[in-house]
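Student: Before we discuss this molecule, could you show me the sequence and the structure together, so that I can follow each point on the model?

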Amino acid sequence: MDLALYPAPDAGLYDLLVLWAVSYVFLMALYFGFCGLFHWLNTLYPERRIQSRPQKNLVAEEIRHSVVALISISLYVALGLFIQAKGWALIPLELSWWSVPLTFFVSLMLYDTWFYWGHRLMHTKLLYRWHSQHHRSIVPSPWANNSDSPVGAFVEQFYWVVLPFVLPIPPEVLIAHKIFDQVTGIAGHAGHEYFAAPSNRTPWPLLCTTFHDQHHGHFNYNYANTFSWWDRLMGTLHPKYDEIVQRFETAPPPRKSSHTSSPSAGE
Ligand SMILES: [Zn+2]
Ligand SMILES: [Zn+2]
């Protein structure tokens, strides 16, 4: 990779700063691009709205906090790549037909575990003060994805610095996982359900938007990020999650209508 995107083994502080800046610009572009996309989709498909309670317009506040939180999040991604390039962590595997899917999947599992327990920690009395900003959005909007305090961003995203020490993940796969995380995170805050499918409910571990929407709406359920395994295992899955996903699957297909009332599938 080019130096501006991926540091050489003799890279120094300047290269780290360049990588940080590039990561920030890239994550900001993803944030505004995909949040804008879901914001627009939501105006086209109001009948896909998940919660029926009124939504406070917190978009300006959510953007302000996200733009700040992404500064530290992009630093963690840049640091992970920098540490790996310097040879201070595990030597990454060569790209191959098996190393890419294997390390991507293992990283998904590791991150989901990290996120579940870190997120539960943020819900304790001691740490909640640094997570309360994210929960200002009871009916989430896509713009809420990165709306968190620097402490919240640290607990949930420092993973990208630790990852190269525990998994010989190729840097391209690390970047791909972070992109996947940003896009699915934004989709998870869309407030409208577009991804309901049998694979996203029991007995399958995948998720759709309803999963994290219920976390915002009910607070003590659905702490995980990528799979429902941890919540099912620890008894924190919302009892109506599967049922609501199924209802969205059988709801009439999305159609363009801007002012009709929403056949909301509950909260
Ligand atoms: Zn939370
Ligand atoms: Zn959230």
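Tutor: What follows is a set of questions and answers on this predicted model.

Student: Which kinds of secondary structure does the protein chain hold, and in what order do the elements run?

Tutor: The protein chain has 0 strands, and its count of helices is 9. Read from the N terminus on, the order of the elements is therefore α-α-α-α-α-α-α-α-α.

Student: What radius of gyration does the protein chain have, set against the value for a compact globule?

Tutor: The C-alpha trace spans about 60 × 40 × 40 Å along its principal axes. For 267 residues, a compact globule would have a radius of gyration near 18 Å, and the protein chain agrees with this, its own value being 19 Å.

Student: What share of the contacts between residues at least 6 apart in sequence joins residues at least 24 apart?

Tutor: As background on packing, buried residues account for 38% of the 267 residues in the protein chain. Among the contacts between residues at least 6 apart in sequence, the share that joins residues at least 24 apart is 73%.

Student: What distance separates the end C-alpha atoms of helix α1?

Tutor: Helix α1 covers residues 13-44, which is 32 residues, and at 1.5 Å a residue these should span 46 Å. The expected span agrees with the model, where the end C-alpha atoms of α1 are separated by 46 Å.

Student: Which elements help to cover the buried residues of α1?

Tutor: The buried residues in α1 are L19, W20, S23, L27, Y31, C35 and F38. An α-helix has 3.6 residues a turn, so residues three or four places apart point the same way. The cover over the buried residues of α1 includes α2 (59-85) and α6 (171-188).

Student: How are α1 and α2 oriented to each other, and which residues of α2 make the contact?

Tutor: The two axes cross at roughly 130° and come within 8 Å, and α1 and α2 are therefore oblique to each other. Their crossing is right-handed. On the α1 side the contact is made by L16, L19, W20, S23, Y24, L27, M28 and Y31, and on the α2 side by S66, L70, I71, I73, S74, L75, V77, A78, L81 and F82.

Student: How is α2 oriented to helix α4, and which residues of α4 does α2 meet?

Tutor: The axes of α2 and α4 (residues 150-157) cross at roughly 30° and come within 9 Å, which makes α2 roughly parallel to α4. This crossing of α2 and α4 is right-handed. From α2, the residues A69, S72, I73 and Y76 meet, in α4, P150, A153, F154 and Q157.

Student: What is the orientation of α3 to α6, and which residues of α6 does α3 meet?

Tutor: Helix α3 (residues 99-122) packs against α6 at an angle of about 45°, the axes being 10 Å apart, and the two helices are therefore oblique to each other. The crossing in which α3 passes α6 is right-handed. V100, T103, F104, S107 and L108 of α3 meet, in α6, V173, A176 and H177.

Student: Which residues does L93 touch, leaving aside those up to four places away in sequence?

Tutor: L93 sits in the loop between α2 and α3, and with 16 other C-beta atoms within 10 Å it is partly exposed. The C-alpha atom of L93 is separated by 5.5 Å from that of P170, although the two residues are 77 apart along the chain. Residues up to four places away aside, L93 touches S99, T103, P168 and P170.

Student: Which residue does a cis peptide bond join to T202?

Tutor: The bond in question has an omega of about 5°. The partner of T202 lies in the loop between α6 and α7 (209-218), and this partner is P203.

Student: F219 and N222 are not glycine, yet each has a positive phi; is F219 buried or exposed, and is N222 buried or exposed?

Tutor: F219, with phi near 75°, lies in the loop between α7 and α8 (229-234), and N222, with phi of about 55°, is also found in the loop between α7 and α8. Because F219 has 11 C-beta neighbours inside 10 Å, it counts as exposed. N222 has 26 C-beta neighbours inside 10 Å, and therefore N222 counts as buried.

Definitions and conventions: Residues are numbered from 1 along each chain as its sequence is written. Chains are lettered from A and ligands numbered from 1 in the order in which they are written. This is a predicted model: local features need pLDDT of at least 70, side-chain atom pairs count only at pLDDT 80 or more; totals for chains, interfaces and linings use all residues. Helices (H or I, at least four residues) and strands (E, at least two) are DSSP runs, numbered from the N terminus. The radius of gyration is taken over C-alpha atoms; the globule rule is 2.2 Å times the number of residues to the power 0.38. A residue is buried if 20 or more other C-beta atoms lie within 10 Å of its own, exposed if 12 or fewer, and partly exposed in between; C-beta atoms are placed from the backbone. Two residues are in contact if their C-beta atoms, placed from the backbone, lie within 7 Å. The expected span of a helix is 1.5 Å times one less than its number of residues. Axes are lines fitted to C-alpha atoms, for helices over the stretch in contact, and angles run from 0 to 180 degrees between N-to-C directions. Angles under 35 degrees count as roughly parallel, over 145 as roughly antiparallel, 65 to 115 as roughly perpendicular and the rest as oblique. A crossing is left-handed if the near helix is turned anticlockwise from the far one by less than a right angle, and right-handed if clockwise.
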